[in-house]
Structures are given as C-alpha cells and as structure tokens.
Amino acid sequence: MQRIYIETYGCQQNEADSEKILGMALEMGYEKTDNKEDADLIIVNTCAVREHAELKALSNTGQLKHIKEKNPSLLIGVCGCMIQQEHRKEDIKMKYPYVDFVFGTNMLDRFPQIMKEVKSRKKRSFFVESYDVNKGEIKEGIPVARAFDHSALVSIMYGCNNFCTYCVVPYVRGRERSRKPECIIEEVRDLAAKGYKEIMLLGQNVNSYGKDIENGINFAELLRRLCKVEGDFVLKFMTSHPKDATHELIDVMAENKKVERHFHLPLQSGSDRILKIMNRRYTRDAFYSLTEYMKEKIPGISITTDIIVGFPGETEEDFADTLDMMKRIRFDGVFSFVYSKRKGTPAAVMEDQISDEVKKERMGRLLSLQTEIQTEKNREYVGKTIRALVEGESKSNPNRLSARSKEGKLIHFDRFNGSDELVGKFVDIKITSAEAIMLLGEVIK
Ligand code: 5AD
Ligand code: SF4
C-alpha cells in the first residue's frame, strides 16, 4: 500500500484543506503515515500570510531533498497559499528540483486527476491557475479525513474581498464564495449525529457570509439555523471582520447556548490613522462600541484579537493608541504579529517602513501589557466551576490533560485513574489557579 504524509502550515483553513486532501488520498487507496521517511507521497501545504511562515515551509521542503535521495520513487507535492504567488512558484521551479508538482488553492478538488497526471507524465508539473480564470465554483462532497473525532472544521466560505493593504490573502485565495446554507447545515447535522462536540465554522470573513449568493442568508441567520441542529455540541466561528460584525450576530449568540462565549475580533491597530491606511474601514470607537455591546449582551464573554505591530508609518503615538485600546477593552487573548512585507500588497511599497529594532521594542511592550491583563482576567475564574471539552494530553506536561471552555479558555488538570476516558467529553472543572495563558483546575465528578 502507498503511504501519504501531509505537512500543514498556517491557519485552520489550511488544516481543513489538508483534511480534504487526505480524504481524497485515502479514497485513492493511500494510507496515512506520520513518518516522512516512510512515505511514497509527501504533500506540503504552505502558508503565505507572513514571511516567517513561508521561510519555514521552504526550509522544511528543502529538507525533503535527503529523503528523496534515499527513496527516488518518492513524489513530493507543494500546495497552498505560498505557491499561489508567481514568484514563489518560480522559486520552487528553479531552486527545488526534487519537488515533483505544485497545485494551487483553487484546484483542491482536482487532486485525484492531478495525481494521475503526475504519475503518467513522469515530468515536473505546475498546476497553478490565477483566480481570474477560476470563478471558484464550490465543489461539494469532497471526502474529508478529519484530524480529530470530537472537534471538526467546517468551511462556510472561501476567499476574501477586503484587501487590507498589508494582507496577501485576497490575492492567494481569490474572491469570497459562500457555500450553500443547506450544504453547511447538512454537514453540521451529520457531524452532530456522529457525536462531534465542537464545530468550528471557517471563513476569512464569516460576517460577509452569504452576500455573494442570490437570496442568500446572512451569517447571523446561518448560525441561528445551525443552533437548531440537534445534539450537545458547541458552535465556534473564525474569523470576523469588525466592519461586518452585526448586533444581530451578537444577539443570536446571546440567545443560543450552543454558540461559544467567545468572540475573536481582529483589531489590527488602535489608531484611526493607521486603520485608515490599512483599509480596515472601521474606527477605534466603532470597534470599542462593538465590544461593549458584546459584554453587555453576553456577560462573561471572552474577546480575543489580532494586532499588527510596526505597520509602515506607525508612530509612537499610533502605537500608544493600540496599547490604550488594549487597556480599555482588556482582551482575553492577543495574537500579535510584527508587520511582515508581502510582495504585491500596497503596504509593502509604502514609505516609512519601521525598523526591526523598533518593531521588536514595541512588541515587547505590547506583550508585557497583555500578560498583565490576561493574568488578571484569568484570576477572575479562580473558585468558579466551568464546563469544558477535554481535548487530550497537555502539550506542555504529559501528566496533565487539557480542556477548552466555551469562553475558549485553556484549562489543564492532573491526570487521574480513568481520566483519559474523558477525552472528547464535556466535564465540569473547578478552577484552582490561573496563569496568563491557562487555567488550572480539578474535574468535579
Ligand atoms: N504582517 C503581519 N501580520 C499579518 N497578518 C496578516 N497579514 C500580515 C502581515 N503582512 C495578521 C493579521 C491577521 C492575522 C491572521 O495575520 O493580524 O488578522
Ligand atoms: Fe486579509 Fe483583511 Fe481579508 Fe483578513 S479581511 S484575510 S486581514 S484582507
């Protein structure tokens, strides 16, 4: 039997794509392996959102050379956002001769045909189409080999229309295309019936779900309908754009126990001037009001965000505005990124690029402020009992299991006799102590 190994970089959309590639491969008769050295086919699913992610994917692709030398019949394929950029496709062509084929983000469903062609041609193949020739019709019914049996990813839309000036995603993932609501509802119904406890709805901007479908429904309505699906599961979603996040959506969350008590709302910058140059199309006041509305309607909600540090032209005053927003909103978590130039985006050629030194210094200040806020916020949970889904062994301590609450909080507890049987189940945990990144607790039996 032929064996496939898939290496995935980047966001959950890429994880979801890899689950489809594996699903198709299994149908083609492949078997999954977790050992590259053992594989007959290696797929590297790449990310392009920051330079660091690209360099990591490229360097790991470089290491495959030795495996190929030992096993010349090995086939190596590279896919994902990175190779959807012309210059990176050329890099693979010129500098990575042991890569046998590449395929774009808009032809995932053609993976079986691609493999057939690769095997029959016996020469290097580059299947990359730009998004203008592909209107991006969504193929339903692709088999999915899910990575977990209690938590599932469900893409509800693909692409992005927003063109934030720093971001490469609209170029490598094309325009917004929404799946039909009935297909999504059917998939969620099937997952709930199979006992999945956590279902993550995915899209680059879930808040504009349905806008591209004639007589389509909006995201709030989709969520409302999904809440009616029978079963004991939590509905999560990622990612929201503040300019499109509505009160209606927050009301649906408030009214339905099935939806997580967590909202990930990327701020990017707290300065109106920078937000404008980023083409984000909201103000700091509008963002703040939205978070206030969430806190009022959903007491105890946890709010997390993304922030970019060192966007071109960011002054000390602009950065102070970002820190000020963090102090006012008190996020439960901040994913902070140093600005990374992306070829072909407007921000990459803007004047006043910020030096690495300044970026690093600002990042340090942001992190120490956030650690302080997060520790204080997490301490509020001590003594409380919260319901959480047990995910498995803790990544940092094999003597502990980790669980995730509806607020998105990571909770660790000591393993005990029989505790491993709780994996994939909801439990009540009494919180005993708190750190910045996690809570510690005891399962209440
Ligand atoms: N540089 C740094 N961070 C970026 N992000 C997107 N593009 C860039 C870039 N060029 C961040 C944004 C986004 C998250 C997924 O990645 O904060 O929300
Ligand atoms: Fe990138 Fe902005 Fe689209 Fe998010 S909304 S994927 S940051 S362009």
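Which residue in E17 is the bridge partner of Arg400? In this predicted model, the bridge partner of Arg400 in E17 is Asp414, and the legends below begin with the strands that surround this pair.

**View 1. Strands E15, E16 and E17 and the hairpins between them.** Strand E15, made up of residues 385-393, pairs in the antiparallel sense with strand E16, residues 400-405, over five bridges, and Leu389 stands opposite Arg404 in E16. The connection from E15 to E16 is a hairpin that passes through six residues. E16 also pairs in the antiparallel sense with strand E17, residues 410-414, and here too five bridges are found; Arg400 and Asp414 are bridge partners across these strands. The hairpin of E16 and E17 has four residues between the strands, and within this hairpin Gly408 takes a positive phi near 80 degrees.

**View 2. The surroundings of Val427 in strand E18.** Val427 belongs to strand E18, which covers residues 426-434. With a relative accessible area of 8%, Val427 is buried, because the limit for a buried residue is under 20%. When its neighbours within four places in sequence are left aside, Val427 is in contact with Ile386, Arg387, Ala388, Val390, Leu422 and Val443. The last of these, Val443, lies 16 residues from Val427 along the chain, and the C-alpha atoms of Val427 and Val443 are separated by 6.8 Å.

**View 3. The open sheet of six strands with helices H1 and H4.** Six strands in the order E2-E1-E3-E4-E5-E6 form an open sheet in which the pairing is parallel. Strand E2 (31-32) and strand E6 (125-127) stand at the edges, and each has a single partner strand, so that one side of each is left without a neighbour in the sheet. Within the sheet, strand E1 (residues 3-8) and strand E3 (residues 41-46) pair in the parallel sense over five bridges, with Tyr5 opposite Ile42 in E3. Helix H1, residues 12-27, lies across E1, E2, E3, strand E4 (75-80) and strand E5 (101-103), and runs at about 175 degrees to E1. Helix H4, residues 111-121, lies across E3, E4, E5 and E6, and runs at about 160 degrees to E6.

**View 4. The open sheet of three strands with helices H6 and H7.** An open sheet of three strands has the order E7-E10-E11, again with parallel pairing. Strand E7 (151-155) and strand E11 (234-238) are at the edges with a single partner strand each, so one side of each is left without a neighbour in the sheet. On average, and with direction ignored, neighbouring strands of this sheet are turned by 25 degrees against each other. Strand E10, residues 198-202, pairs with E11 in the parallel sense over five bridges, and the bridge partner of Glu198 in E11 is Val234. Helix H6 (residues 181-193) packs on the sheet, where it touches E7 and E10, and the direction of H6 makes about 175 degrees with that of E7. Helix H7 (residues 219-227) also packs on the sheet, touching E10 and E11, and the direction of H7 makes about 160 degrees with that of E11.

**View 5. The residue shell around ligand 2.** Ligand 2 is surrounded by Cys160, Asn162, Phe163, Cys164, Tyr166, Cys167, Val169, Pro170, Gln204, His241 and Arg280. The residues of this shell divide into seven nonpolar, three polar and one charged. Phe163, a member of the shell, counts as partly exposed at 29% relative accessibility.

**View 6. Aromatic pairs and an aromatic cluster.** The count of aromatic pairs comes to eleven. Phe163 and Tyr171 form an edge-to-face pair, with 5.3 Å from centre to centre and 85 degrees between the planes; Tyr171 counts as partly exposed at 37% relative accessibility. The rings of Phe413 and Phe416 have centres 6.4 Å apart and planes at 40 degrees, so this pair is tilted. Phe413 counts as buried at 1% relative accessibility, whereas Phe416 is partly exposed with a relative accessible area of 29%. Phe101, Phe103 and Phe111 form one aromatic cluster.

Definitions and conventions
Residues numbered from 1 in each chain as written. Chains lettered and ligands numbered in written order. Predicted model: local features only at pLDDT ≥ 70, side-chain atom pairs only at ≥ 80, totals over all residues. Heavy atoms only, no water. Near = heavy atom within 4 Å. Nonpolar A, V, L, I, M, F, W, Y, C, P; charged D, E, K, R; others polar. Pairing = 2+ DSSP bridges. Helix = DSSP H or I, 4+ residues; strand = E, 2+ residues; numbered from the N terminus. Axes fitted to C-alpha atoms, helices over the stretch in contact; angles between N-to-C directions. Contact = heavy atoms within 4.5 Å. Phe/Tyr/Trp six-rings, centres within 6.5 Å; stacked < 30°, edge-to-face > 60°. Buried < 20%, exposed > 50% of the residue type's maximum accessible area, 1.4 Å probe, protein only.
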